[in-house]
Every structure is written in C-alpha cells, then in structure tokens.
Amino acid sequence: MRSRGLRPPGRPPGGQPSRNQQPRNTPPRNQPPRPPAVLRLGDPERRLHAGLIAMAFVLSLFAGRLVQLQGLDSKVLQAKAAQYRVQPETLPAKRGSITDMKGHELALTVDAAEIYVDPHEVDPNKRDLVGATLARELNLPKEKVAAALAKTDQRYIPLDRDVEPLRAKRIMSLRFKGVGSKPTYRRLYPGGKLAGNLIGFVGFDGHGLEGMERTYDKVLAGQDGQQSIEIGRRGERIPMTRSTRKEPVPGRGVRLTIERDIQWAAEQAIDRQVRASKALSGSVIVMDTKTGQIIAMANSPGVDLNHWDAVSETERSNRAVSEVFEPGSTNKVITAAAAIEHGGVTPDTVFRVPDQIQCADRTLKDAHPHAPERLTFTGVIAESSNVGTILAARKISDQRLYDTIRAFGFGSTSGADLPGEQAGLLPPWQSWSGSQRCTVAYGQGVSVTALQMASVYQTIANGGVRVTPSLVAGTTDDHGRLVPAPTAKQTRVISETTARQISGMLEAAVGNDGTGTEAAIPGYRVAGKTGTAMRYDQKCGGYCGYTATFVGFTPADAPRLMALAVIQDPKKGHYGGMVAAPVFKEVMSFALKTMKIPPTGTKAPKAVLRAGE
C-alpha cells in the first residue's frame with residue numbers, strides 16, 4: 001500500500017514547481033543589479049616611501065656584497081684565481097757525477113724528457129691512434145697507454161720520465177693534442193756492472209736508493225728550482241704576463257778512491273773464480289796500506305746498474321761490508337800480535353805441536369793429522385796450525401786477547417761510512433766458554449766483514465798503525481775543482497817492531513813451505529795468510545760449507561798495497577790457499593802494474609819453521 005506523505009510547500013501535485021516560484025539561486029526579477037567594485041588608490045606619499053625603502057634595502061645588499069668581495073675577501077679570491085691561472089713548475093737540478101780517483105765517470109746525468117698526456121684534451125676520435133703511437137715510440141705496453149688515456153677526469157699523467165731528447169722531439173712533432181713534453185734528466189752508468197754493488201742507483205724519483213747514491217744523495221742531488229707562469233683555460237701560456245723563476249742549484253760530484261781499471265780486473269777475477277769453484281758468492285778488496293784508501297771493492301754476483309730493477313735485493317748488496325763470516329786462520333795474526341806484545345813470544349819461540357789438543361769439553365785438531373813436531377812460532381803461522389796457535393794464546397789472558405781483537409776493529413763498523421756495513425760479532429770475553437777461548441784464537445766463534453779483515457792487514461802492513469778505511473776522496477764542483485775529504489783517523493794498535501815481526505812470519509806463509517804459495521808473485525816479496533773456516537748458514541741451521549780466504553800485502557819489506565779475496569761456500573775445493581790465493585795473485589799483479597809499483601829488489605830472509613833447521 002503506497003504511503004501518503006506531505007508535499008513540499010509551494011510544489012503542486014505531480015512534482016512540478018509552480019509558476020510563481022523562482023529557482024533557489026536566481027535573484028528576484030525586480031531586484032536591482034549590484035554596482036561594480038571600485039579600486040581605491042592609497043596615499044601616494046606612503047607608496048613612494050615604501051618603494052624607496054625597498055630600493056635602499058636591495059642596494060645595501062649589493063653594496064655589502066661589493067665590500068665583502070673587494071675588501072674583506074679580496075685576498076682570498078685573488079689567491080683562488082691565481083691558483084687556477086698561475087701554474088707552478090719544478091725545475092729539476094742536475095745530479096752530480098760519481099767518478100773514480102782519476103775523474104773517470106762511473107755515474108753521470110744527461111738531458112732527458114718527460115712525456116705526459118692530458119686525457120681530457122685528447123681527441124676521442126684519435127685516441128686509438130695516439131695510444132698506439134705512444135706505445136710504439138716509448139716501448140710501453142699498449143694496454144698501459146690505453147688505460148692512461150681512458151682516465152679523462154685527470155689532466156696530467158706521466159707516461160715516461162726517461163726519454164731521449166731526440167725521441168721526445170719526434171713525438172712532439174706529431175702534434176697530438178693532449179700530449180706534452182718537459183725537460184728533465186736521466187741517470188746513466190757507463191760501466192754497467194762496474195762497481196755496481198758499491199755505487200748503487202737512483203729511483204724513478206731521482207733520489208738515491210742504495211750504495212753511494214743513497215749515502216751521498218744530498219750532496220749529489222743539488223736543489224731543485226721553481227718557476228711560476230700564467231696559463232689560459234686550455235693550458236697555453238699567456239704571453240706578456242708575470243712569471244717568477246728560481247734557478248736550480250746543480251749537485252756536487254763525488255770522487256771515489258776507486259781506480260777504474262783495478263776495479264774492473266778485480267771483478268773479472270772474482271767472477272771467474274766464483275763460477276769455477278761453483279761458489280755462492282765472493283768479494284775482493286784492494287787498499288792503499290799508507291792511506292787506508294779503498295782502490296777496489298768487487299763483488300760477485302754483480303749488478304748491472306742500468307737494469308738494477310731486474311736483480312734481487314740480495315744480489316744488489318755490497319757483500320764486502322754487509323756479509324759477515326768467521327775469518328778462520330786469517331785471524332791468527334791478531335793472536336800472534338797479542339802473544340808477541342804481551343805474552344813474551346817471539347817468531348823463534350818453539351812450541352811442541354801435536355795434531356790435536358783438549359779444550360774444556362772439546363778436542364780441537366789441525367787441518368791435517370801429523371806426529372808431534374817442534375815448530376817455531378813462525379812455523380805455526382806459516383803452516384797455519386790451529387793447535388800451535390792455541391798454545392801461543394795460552395800465554396796471555398782472555399781479556400788481553402779480547403782487547404787486542406777489539407783494537408784491530410772487530411765488533412764495530414770500520415768507520416768508512418759505507419751503506420749496509422755490519423759490525424760483525426765479537427762476544428765479550430767474560431761470556432766465552434772453555435772451548436771458545438781456543439776457537440777464537442784461530443778465528444772461529446767471531447764474525448767479521450771482508451773490510452774489517454782487510455783493515456787488520458792494512459794495520460800490520462802500515463807498521464802497526466790502523467788508518468780508518470775510506471772510499472771518498474772528496475767532492476767536486478761544476479768546474480771539477482776537488483774539495484778533499486777530511487784526513488782519515490790513525491790509531492796505533494801494535495808496535496812497529498811487532499808489526500815487522502808478523503810481516504816476516506806472513507812472508508814465510510807465502511814461501512815454499514807455507515800454505516799460501518799460490519799467492520806468490522814473481523819478482524815481488526809477498527806477505528799473506530790463508531784462511532779456511534767452516535761457514536755458518538741460517539738455511540741449514542748450522543755449519544754448512546766453508547769460507548775460503550786469502551789476504552796479504554806487497555812489497556813485504558816496503559808495503560804499498562794490500563788485497564783480500566774471500567769466497568763463500570765453494571763446491572770445487574774449499575781451502576783458502578787453493579781457491580782464494582789465485583784471485584789475490586791475479587788482482588795484485590794487475591794493481592802493481594797499473595800503479596807502476598816496482599819490486600824493491602831485496603830478497604826475503606830465510607825463515608826458520610822448525611827447531612833444529
């Protein structure tokens with residue numbers, strides 16, 4: 001049933017509005033229209049004041065900014081502008097030369113060029129061409145050059161700092177955009193391997209890394225200069241602009257005491273013997289007995305300084321001062337000096353020498369078995385008897401023997417100021433075991449370098465006065481003027497009489513009945529001593545192999561030169577008289593001829609080696 005509801009008022013039945021009813025949102029027909037809105041203008045004077053205030057505010061902001069830029073921040077902004085516009089450049093100093101005693105260049109500096117790239121400026125369409133050309137001209141891997149050119153966010157990448165000037169000129173003539181060159185220097189070693197372990201080398205930054213190049217780097221390097229120029233946006237120099245320049249100061253030269261030809265002969269001799277004996281390594285030293293100057297210091301294997309980066313660090317070291325070893329019988333001269341000076345022993349003192357002796361808990365033997373024999377002290381040294389040396393050492397105290405060894409320079413560096421030099425090993429006498437007192441007497445239980453042992457024989461040859469070994473004669477300027485090095489320190493170690501007596505004993509060791517006959521030089525009187533010591537090797541954790549040595553001087557009655565040859569771990573023969581003495585003979589013979597040292601013309605006195613002879 002449909003419900004009936006009330007109709008809205010004014011609406012007739014059927015839902016349609018009545019005629020008299022107007023739509024809800026439509027105004028009545030007889031109501032007048034609303035007048036239009038009128039814009040009322042404000043007070044002109046107030047409007048003008050507001051505008052002036054706004055303009056003054058804006059102008060004050062501009063004025064404040066100008067004050068800040070021109071006054072407060074001017075120096076800061078100026079510096080920033082200069083940072084982008086002014087380009088500083090280092091002017092490398094020319095490194096001084098290293099020469100031998102006669103001025104022959106062993107290391108020198110020549111002009112070179114650095115080739116660099118600015119990847120940002122390289123034409124992308126020519127990048128492959130530029131990369132291939134630079135790789136070919138600079139002998140660099142294509143991948144390395146391509147990788148450098150791909151770093152477009154970098155503006156300066158050096159490719160090679162050691163380019164010959166003509167090659168650099170040819171590269172720059174190609175006019176590749178983004179490829180540049182600037183002058184620099186390169187280090188050359190004319191001798192290649194000559195004195196390589198001694199001279200050392202410089203790194204890619206131009207500073208010494210090893211050897212004399214490192215020790216005297218500040219003297220050789222000089223002082224770099226500085227230059228500042230103004231450049232444009234593309235890196236070109238702006239003409240007619242200010243520039244500053246501080247000239248570089250060239251380095252001073254270093255003159256060594258080395259004699260080039262003798263150094264070459266020493267290297268050849270030790271190389272041959274190391275190969276022939278299948279040894280691990282070897283060293284040779286030649287010294288002036290009066291001045292202590294080192295005339296040659298050779299090592300085998302050597303190092304080619306023009307390709308030093310291809311050699312291991314061990315082979316680059318100067319073994320003559322960095323490698324320590326037990327000296328063996330060459331050390332017996334120190335025991336002889338102590339026994340003669342403080343034990344009442346003379347060269348003619350007779351000892352009954354068996355082939356073995358008991359020392360505390362050890363039985364020590366001579367190199368060869370023999371029946372007990374009556375040897376003079378000269379015979380003990382000439383025949384290198386361990387037992388006879390121990391008997392002589394018992395004439396003095398442990399402390400006296402230690403003090404004498406110390407006075408000869410063991411246990412401390414030589415004072416030559418050579419890079420990598422070791423002090424060796426000399427235990428305090430209070431710590432010696434019962435057997436060590438005996439072994440120290442004949443050179444086992446102490447460790448030395450080749451230079452330390454050479455210094456011992458220089459002292460004996462110089463009448464008992466030790467002269468600190470030296471390798472540098474002085475420094476030179478651009479005109480070759482020499483500023484001599486300070487005079488080497490001299491120290492008396494033993495008396496002149498003792499030194500002369502030991503010299504005679506050493507001369508007998510090179511005679512017909514001694515162990516050093518292979519070191520004899522026809523026409524010259526030679527004094528020297530062989531050494532054969534067991535070699536301590538860390539790899540095997542004990543004594544493995546031998547160290548063969550010969551050291552001596554000539555002419556024995558008026559010494560001028562001494563030489564030492566030491567060979568480590570020889571496999572074909574191991575006695576010092578067989579392996580090292582021939583090297584001494586070859587090197588010393590060459591040195592005598594080179595330095596024009598004539599024989600004295602005298603004959604060695606007859607030495608008595610056995611009682612009753």
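A residue counts as buried when its relative accessible area is under 20%. Keep that cut-off at hand for the exercises below, which all use a predicted model.

**Exercise 1. Which residues of helix α20 are buried, and what do they pack against?**

Step 1. Find α20 at residues 581-594.

Step 2. Apply the cut-off along the helix: Ala 581, Val 583, Phe 584, Val 587, Met 588, Ser 589, Ala 591 and Leu 592 are buried.

Step 3. Look at the partners of these buried residues. They pack against two helices, α9 (260-276) and α19 (576-579), and against the strands β11 (281-288), β22 (542-554) and β23 (561-568).

**Exercise 2. What span should α20 have, and how far apart are its end C-alpha atoms?**

Step 1. Count 14 residues in the helix.

Step 2. The expected span is 1.5 Å times one less than the number of residues, so α20 should span 20 Å.

Step 3. Compare with the model: the end C-alpha atoms of α20 lie 20 Å apart, in agreement with the expected value.

Step 4. Now step just past the helix, where Lys 596 has a positive phi of about 55°.

**Exercise 3. Which side chain of opposite charge is nearest to Asp 366, and how far away is it?**

Step 1. Place the residue: Asp 366 sits in the loop that links β15 (362-365) and β16 (373-376).

Step 2. Asp 366 is buried, and its nearest side chain of opposite charge is Lys 332, at 6.1 Å.

Step 3. A salt bridge needs a nitrogen-to-oxygen distance within 4 Å, and Asp 366 has no salt bridge.

Step 4. Check for other polar partners. The side chain of Asp 366 makes a polar contact of 3.1 Å with that of Ser 385.

Step 5. Complete the surroundings: leaving aside residues up to four places away in sequence, Asp 366 touches Val 353, Pro 354, Asp 355, Ser 385, Asn 386 and Val 387.

**Exercise 4. Is Leu 426 buried or exposed?**

Step 1. Locate Leu 426 in the loop between α15 (398-407) and α16 (436-441).

Step 2. Its relative accessible area is 9%, so Leu 426 is buried.

Step 3. List what Leu 426 touches, again without residues up to four places away in sequence: Tyr 402, Ile 405, Arg 406, Phe 410, Gly 411 and Val 446.

**Exercise 5. What percentage of the protein's residues is buried?**

Step 1. Start from the 613 residues of the protein.

Step 2. Of these, 46% are buried.

Step 3. For the wider setting, the secondary structure comprises 20 helices and 23 strands.

Conventions. Residues are numbered from 1 along each chain as its sequence is written. This is a predicted model: local features need pLDDT of at least 70, side-chain atom pairs count only at pLDDT 80 or more; totals for chains, interfaces and linings use all residues. Side-chain values use heavy atoms; hydrogens and water are left out. Helices (H or I, at least four residues) and strands (E, at least two) are DSSP runs, numbered from the N terminus. Buried means under 20% relative accessible area, exposed over 50%, partly exposed in between (1.4 Å probe, protein chains only). Contact means heavy atoms within 4.5 Å. Lys and Arg count as positive and Asp and Glu as negative; His and the chain ends are not counted. A polar contact is a pair of N or O atoms within 3.5 Å; within protein, one must be able to donate a hydrogen and the other to accept it, and residues adjacent in sequence count only if both atoms are side-chain atoms.
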